[in-house]
Amino acid sequence: MFTTARSPNLTQSRLPDDLFAAIKALKQELNAVILAHYYQDSDIQDIADFIGDSLELARKAANTNADVIVFAGVHFMAETAKILNPDKLVLLPDLNAGCSLAESCPPEAFAAFKADRPGHLVISYINCTAAIKAMSDIICTSSNAVKIVNQIPENQPIIFGPDRNLGRYVMEQSGRKMELWQGACIVHENFSEKKIVQLKIENPEAEIIAHPECEPPVLRHANYIGSTTALLKYSQSSSSSAFIVATEPGIIHQMQKQTPHKHFIPAPPNNNTCACNECPHMRLNTLEKLYLAMKNQTPEITMPQDLQIAALKPIQRMLEMS
């Protein structure tokens with residue numbers, strides 16, 4: 001599934017003085033598009049053509065006219081772009097940019113879980129590998145999961161994976177019972193309820209906004225729960241002047257750009273050494289690696305054709321049902 005190409009060695013290449021200008025020039029030369037997730041470093045967000053959450057980026061990848069897709073995100077996101085564009089070159093700045101949630105769902109174990117529950121429809125969160133997508137009937141994102149589940153006939157049993165917290169939230173919102181795969185995201189699972197409550201005491205005017213991948217104790221304190229894009233939109237429309245943000249803090253760059261007069265506080269994790277909760281996988285991508293990926297046209301995302309075809313069907317169903 002994974003390409004054998006290695007990430008470029010930064011020490012072996014001379015970098016231009018102005019990386020922004022050099023990337024823009026390469027973009028024109030290659031007819032490339034740069035897609036970046038909200039959890040990327042601010043420099044990457046600022047150079048990207050499109051910034052979004054998983055659903056928005058999947059839509060952009062499905063509709064792009066570019067010859068080269070540079071995906072500044074994690075591996076499963078670049079895989080999705082390749083599945084939607086099998087004949088295009090898809091680059092990921094650092095192949096080691098994985099995902100703890102995707103890794104928490106090994107294909108062999110998920111296949112056994114599915115086999116033990118015959119007759120179940122499989123809805124998988126987009127934060128999973130191509131192999132899991134290929135075993136699924138429908139893909140969803142945190143933006144559309146409730147909407148998709150609500151379209152399934154009530155007598156149809158459902159398996160939902162791999163994120164148990166998102167699955168639990170969807171069950172609460174839809175009233176549907178589902179069989180949940182017990183996976184989780186290290187970022188959203190590790191927020192400290194105690195520290196968030198303390199922040200709220202110190203900032204009583206602040207609203208707590210949280211991603212549905214968070215653990216239930218955190219969600220209970222939230223004034224608003226939504227996908228990354230939904231959190232961004234809510235921070236713009238709310239009359240509140242301050243927010244405690246319980247998701248990966250990369251989104252705060254966009255929140256601050258959209259409403260510079262408001263105050264955004266990253267929700268802290270359980271450990272005592274960090275004031276925020278950055279995704280270590282997302283942060284492997286850098287502006288330097290993005291430039292080198294475009295210059296060298298590697299590392300490239302590749303996968304077997306049969307896997308691409310099998311994984312495409314549930315993604316297409318998601319796009320149709322969204």
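This tour moves from the strands to the spaces enclosed among the elements of a predicted model.

Begin by selecting strand β1, residues 32-37, where 6 of the 6 residues are buried, so that the strand is largely enclosed by the rest of the structure. Colouring its two faces separately shows that both are covered, with A32, I34 and A36 buried on one side and V33, L35 and H37 buried on the other.

Keep β1 visible and add strand β3, residues 68-72, which runs parallel to β1 and is joined to it by 5 bridges; within this pairing A36 stands opposite A72. Then add strand β2, residues 50-52, which also runs parallel to β1, here with 3 bridges, and in β2 the residue opposite A36 is I51. To follow the chain from β1 to β2, select helix α2, residues 42-47, through which the chain passes in a right-handed β-α-β crossover.

Next, select the open sheet of 4 strands whose order is β6-β5-β7-β8, with parallel pairing. Its edges are β6 (138-140) and β8 (179-180), each of which has a single partner strand, so one side of each is left without a neighbour in the sheet. Strand β5, residues 121-125, pairs with β6 in the parallel sense over 3 bridges, and the bridge partner of I123 is I138 in β6.

Turn now to the largest pocket, which has a volume of about 200 Å³. Of its 19 lining residues, select S142, S143, N144, S227 and A230, the closest to its centre. Extending the selection to α3 (54-63), α8 (145-149), α9 (164-174), β10 (224-225) and α13 (228-237) brings in the elements that give two or more residues to this lining, which by class has 10 nonpolar, 6 polar and 3 charged residues.

A search of the whole structure finds 2 cavities of 30 Å³ or more, and the largest of them holds about 240 Å³ of space. Among its 26 lining residues, Y39, N127, H188, E213 and M282 lie nearest the centre. Helices α4 (75-84), α5 (100-103) and α10 (186-189) each give two or more residues to this lining, and α10 gives the most, with 3. The lining of the largest cavity divides into 12 nonpolar, 11 polar and 3 charged residues.

Finish at the second largest cavity, with about 50 Å³ of space, by selecting its lining residues, including S54, L57, F71, F76 and I126. The elements that give two or more residues here are α3 and α4, and the lining has 8 nonpolar residues, 2 polar and no charged.

Terms used:
Residues are numbered from 1 along each chain as its sequence is written. This is a predicted model: local features need pLDDT of at least 70, side-chain atom pairs count only at pLDDT 80 or more; totals for chains, interfaces and linings use all residues. Side-chain values use heavy atoms; hydrogens and water are left out. Two strands pair if DSSP finds at least two bridges between them. Buried means under 20% relative accessible area, exposed over 50%, partly exposed in between (1.4 Å probe, protein chains only). A crossover is right-handed if, with the strands pointing away from the viewer, the path from the first strand over the helix to the second runs clockwise. On a 1 Å grid over the protein atoms alone, a cavity is a set of points where a 1.4 Å probe fits but cannot get out, and a pocket is an open set with protein on both sides within 12 Å along at least five of seven lines; lining residues have an atom within 4 Å of a point. Grid points are joined across faces, edges and corners, and a volume is the space filled by probe spheres set on the points. Ala, Val, Leu, Ile, Met, Phe, Trp, Tyr, Cys and Pro count as nonpolar, Asp, Glu, Lys and Arg as charged, and the others, Gly among them, as polar.
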